[in-house]
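Have the sequence and the model open side by side. The paragraphs below go through the annotated sites, then the overall fold, then some details of the backbone.

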Amino acid sequence: MITLKSALNKSEEELKEIKAQIIAKVKDNIELNAYIGEIQASAGGVPILIKDNINVKGWEITCASKILKGYISPYNAHVITRLHENKMCAFGRANMDEFAMGSTSESSCYGRVKNPLDTSRVPGGSSGGSAAAVAAGLAIASLGSDTGGSIRQPAGFCGCVGLKPSYGRVSRYGLIAYSSSLDQIGPITQNVEDAALLLDAISGYDERDSTSANLPSLNTFKDLDSNARYKIAIFKNFLKDASPKIQEAYHQTIKTLESMGHSIIEKDMLDLSYHISTYYIICTAEASSNLARFDGVRYGSRAKGDSLKDLYYNTRSTYFGDEVKRRILLGSFVLSSGYYDAYYLKAQQVRKKICAQYEEIFNECDIILLPIAPDVAPKFGAMHSPLEMYLSDIYTIGVNLAGLPALSMPVAKDANGLSIGMQLIGAKFKEQNILNAAYGLEKELAL
């Protein structure tokens, strides 16, 4: 597949041919279930695949949920406008976990997405369609969203580069919210250069988003420096939950970075169980509030009811999937009057402590190196309970709690050819550091 960097230099006629080739490839690889909906370009430019929770004017947007079937977006998300301003265009919908709630891309109303490296395995989630399409050569690049690792984990499982920007770096205007204080749009690409190009295109201040940082658009691609050297923190105490192959890849990556001239500094941090508990209390609480608007009155599908209460109950019971219902129930519970102080307020206090610990580490170090997941992509059905799925996010959710930028990239393959990814985490608004380090590491590994 042609890279984003090279595609930006193509003529419009050449891009039309590339789009035709993409459509043909999607039809030939339909069993991956990575693409959904109509694959039509709304404007000229390099085609970029869009996750099904980002609004594109005139396109159906469903968040892979039955409750939004038939809803047509009346406006463009800020990132779509930015694509059009930078010689790119929205081109096709990517499948995902319903309302971005999941780590396997199995909860979609369109059916599960398959990992192109091994179709018996999950591609990760919730941006599984975005990562699977890029890995399979069906898309030049894609936009996903990351609430607790939903860009980085599927990119790691599928062998792509996934970048979660700092919270506020990219406007959330037009992204259907799951957890407003955690969600962030970002790129999934074939390599680090393309990640920098796509990040530059979509970054920048947006007055319509109250959480948007008043900062200019980035120019990280121009400033990429593979020779830059950094102080990199590692957390060996975090590895107890990782499989032997992940531990081996982590130690080998440390050796490679050290041999390149980076300084390695060992650090400690709050136990990961606190990260998990804090994250799932906060994200489910915000989800229960954000998803209250989907009740059958204004958006999408509506079930019959003899009263307004019945209408709400029947619509949400019928059209929400099991995982969405589970998280709404948990969120409503932790926000209830009897448990708000015991759970939600305590979670916010722990979140502050996690943020302070990251800040303390970045006073001494430039980057943190961590695994993306405890193991490689599991087979479908290997997770027997929701808790197992939640625990697969242990290495990624701290970044969202603290609003930091992080980039995942493949660093090795296991004996079965499955991708093993690692993530480079930077201080807030220091995307250039992690891109430089990843660019140098990518060249060194030459996978």
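UniProt positions are given in the numbering used here, and such annotations may be inferred rather than shown by experiment. The model itself is predicted. With that in mind, the unreviewed UniProt entry places the feature "active site" at Lys51, Ser126 and Ser150. These residues span 100 residues in sequence, yet no two of their C-alpha atoms are more than 11.2 Å apart, so they gather at one spot. From this set, Ser150 belongs to the lining of the largest cavity.

Take Lys51 to begin with. This residue lies in strand E2, which covers residues 46–51. Is Lys51 buried or exposed? Its relative accessibility is 0%, and because buried means under 20%, Lys51 counts as buried. Leaving aside residues up to four places away in sequence, Lys51 touches Arg93, Ala94, Met96, Ala100, Ser126, Ser127, Ser130, Leu143, Gly144, Ser145 and Ser150. Both of the other annotated residues, Ser126 and Ser150, are in that list.

Ser150 sits in a loop, the one between strand E4 (142–145) and helix H5 (152–158). With a relative accessible area of 6%, Ser150 is buried. Its contacts, again without residues up to four places away in sequence, are Lys51, Ala100, Gly102, Gly125, Ser126, Ser127 and Ser145. Lys51 and Ser126 thus appear among the contacts of Ser150.

Ser126 is placed in the loop between E3 and H4. What kind of peptide bond joins Gly125 and Ser126? The bond is cis, with omega at about 5°. As a rule, most peptide bonds are trans.

Ser127 is found in the loop between strand E3 (88–94) and helix H4 (128–135). Ser127 is not one of the positions named under "active site", but its contacts include Lys51 and Ser150. Further contacts of Ser127 are Ser105, Gly144, Ser145, Ile151, Pro154 and Ile188, where residues up to four places away in sequence are not counted. The relative accessibility of Ser127 is 0%, and Ser127 counts as buried. Its side chain reaches the backbone oxygen of Ser145 at 3.1 Å. Ser145 is also listed among the contacts of Lys51 and among those of Ser150.

Now step back to the whole chain. It has 14 helices and 11 strands. The radius of gyration is 21 Å, close to the 22 Å that the globule rule gives for 447 residues, so the chain is as compact as a globular protein of that length. Along its principal axes, the C-alpha trace spans about 70 × 60 × 45 Å. Of the 447 residues, 60% count as buried. Among contacts with a separation of 6 or more, 74% come from residues 24 or more positions apart. The chain exposes about 17,200 Å², and carbon and sulfur atoms supply 48% of that area.

At the start of the chain, the unreviewed UniProt entry places the feature "coiled-coil region" at residues 1–28. In the model this stretch is 75% helix and 0% strand, and its end C-alpha atoms are 15 Å apart.

Two residues deserve a look for their backbone angles. Most residues other than glycine have a negative phi. Asn33 has a positive phi of about 60° although it is not a glycine. Asn33 is placed in the loop between helix H2 (12–28) and strand E1 (35–41), and at 17% relative accessibility it counts as buried. Phe429 likewise has a positive phi, near 65°. Phe429 lies in the loop between strand E11 (419–426) and helix H14 (431–445). At 28% relative accessibility, Phe429 counts as partly exposed.

The last stop is Ser408, in strand E10 (residues 406–413). Ser408 has 0% relative accessibility and counts as buried. Which residues does Ser408 touch, not counting those up to four places away in sequence? They are Arg152, Ala155, Gly156, Cys160, Val161, Gly162, Ile372, Met422 and Gln423. With Arg152 there is a polar approach: the backbone oxygen of Arg152 lies 3.1 Å from a polar atom of the Ser408 side chain. The C-alpha atoms of Ser408 and Asn76, which are 332 residues apart along the chain, are separated by 28 Å.

Conventions:
Residues numbered from 1 in each chain as written. Predicted model: local features only at pLDDT ≥ 70, side-chain atom pairs only at ≥ 80, totals over all residues. Heavy atoms only, no water. 1 Å grid on protein atoms, 1.4 Å probe; cavity = no way out; pocket = protein on both sides within 12 Å on 5 of 7 lines; lining within 4 Å. Helix = DSSP H or I, 4+ residues; strand = E, 2+ residues; numbered from the N terminus. Buried < 20%, exposed > 50% of the residue type's maximum accessible area, 1.4 Å probe, protein only. Contact = heavy atoms within 4.5 Å. Polar contact = N/O pair within 3.5 Å; in protein donor to acceptor, adjacent residues only side chain to side chain. Rg over C-alpha atoms; globule rule 2.2 N^0.38 Å. Areas by Shrake-Rupley, 256 points an atom, 1.4 Å probe, with all protein chains shown as cover.
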